[in-house]
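Work through the exercises below with the sequence and the model side by side. Try each task before reading its solution.

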Amino acid sequence: MTSTSPTTPPTPSATDAECLALTRNLRRRGVAVLSVFGLMWAVAAASGTGSATDVAPLGIEVAALLITAVAIYLGYRKDAAPSPRMVDLPANWARGVGIVNTVELAAIFAVIAASNAAGRPEVIPAGIALVVGLHFFPLARLYDQWQYRWTASLLTVVAVAGFVLVAAGVATETVRIVVGLGSAVVLWASSYHLALRG
């Protein structure tokens with residue numbers, strides 16, 4: 001372990017206690033971010049199941065809220081088991097994370113703009129899922145969380161499935177449901193893995 005805080009460059013003088021605290025903080029942050037974005041994908045999926053007054057979207061949203069709340073509780077509970085290992089962060093990891101997230105955000109806006117300009121808004125969910133999935137590949141190394149490679153791979157599979165559905169002429173709402181729920185499940189699974197296993 002070579003870093004003392006999530007905002008400063010790594011230093012070789014970090015103590016075991018500092019490394020343990022950073023590992024715990026990164027784990028908790030990962031649980032919160034993954035589960036909340038899972039919730040957002042589920043809400044997007046729910047919007048494809050009917051109007052806001054229908055039972056189906058409301059049921060999906062309530063279930064999504066519960067799944068997210070439980071993940072956050074498990075990740076932040078005081079009696080959580082310590083991570084099985086301390087993270088070993090590369091040099092300038094925080095700067096790298098910032099760059100990756102900035103590129104991801106720019107790529108999402110580009111996907112939305114290009115899809116709308118081409119008159120193909122139905123590809124937006126799959127395009128965004130692909131961008132989000134790909135950005136987890138470098139994050140796996142930067143956060144020293146190699147399980148993020150599975151997150152990246154599975155989100156990429158969800159995105160490809162979305163593109164296939166679009167190419168097959170499936171209804172836009174169905175594509176949104178499949179990509180939204182698929183992405184939500186992948187992100188929640190990653191969140192629960194962090195919360196329970198570190």
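Where does UniProt place the feature "transmembrane region"? The UniProt record, an unreviewed entry, gives residues 31–49, 55–76, 97–117, 123–143, 150–171 and 177–196. UniProt positions follow the numbering used here, feature names are shortened, and annotations may be inferred rather than shown by experiment.

Two notes before going on. This is a predicted model, in which local features need pLDDT of at least 70, side-chain atom pairs count only at pLDDT 80 or more, and totals for chains, interfaces and linings use all residues. Residues are numbered from 1 along each chain as its sequence is written, and side-chain values use heavy atoms, with hydrogens and water left out.

**Exercise 1. Describe the chain over residues 55–76 and 177–196.**

Step 1. Helices (H or I, at least four residues) and strands (E, at least two) are DSSP runs, numbered from the N terminus.
Step 2. Residues 55–76 are 100% helix and 0% strand, and their end C-alpha atoms are 32 Å apart.
Step 3. Residues 177–196 are also 100% helix and 0% strand, with end C-alpha atoms 28 Å apart.

**Exercise 2. Find the salt bridge and classify its partners.**

Step 1. A salt bridge needs a side-chain nitrogen of Lys or Arg within 4 Å of a carboxyl oxygen of Asp or Glu.
Step 2. The count by this rule is one.
Step 3. R120 and E122 are the partners, at 2.3 Å from N to O.
Step 4. Buried means under 20% relative accessible area, exposed over 50%, partly exposed in between (1.4 Å probe, protein chains only).
Step 5. R120 is partly exposed because its relative accessibility is 38%. E122 is at 18%, so E122 counts as buried.

**Exercise 3. Locate Q147 and name a side-chain partner.**

Step 1. Q147 sits in the loop between α4 (124–142) and α5 (148–167).
Step 2. Its relative accessible area is 19%, so Q147 is buried.
Step 3. A polar contact is a pair of N or O atoms within 3.5 Å; within protein, one must be able to donate a hydrogen and the other to accept it, and residues adjacent in sequence count only if both atoms are side-chain atoms.
Step 4. The Q147 side chain makes such a contact with the side chain of Q145, at 2.8 Å.

**Exercise 4. Trace the largest nonpolar core.**

Step 1. A nonpolar core is a set of buried Ala, Val, Leu, Ile, Met, Phe, Trp, Tyr and Cys residues joined through side-chain atoms within 4.5 Å.
Step 2. The largest has 41 residues; those touching the most other members include W41, I128 and F136.
Step 3. Two or more residues come from each of α1, α2 (55–76), α3 (93–117), α4, α5 and α6 (172–197).
Step 4. α4 gives the most, nine residues.
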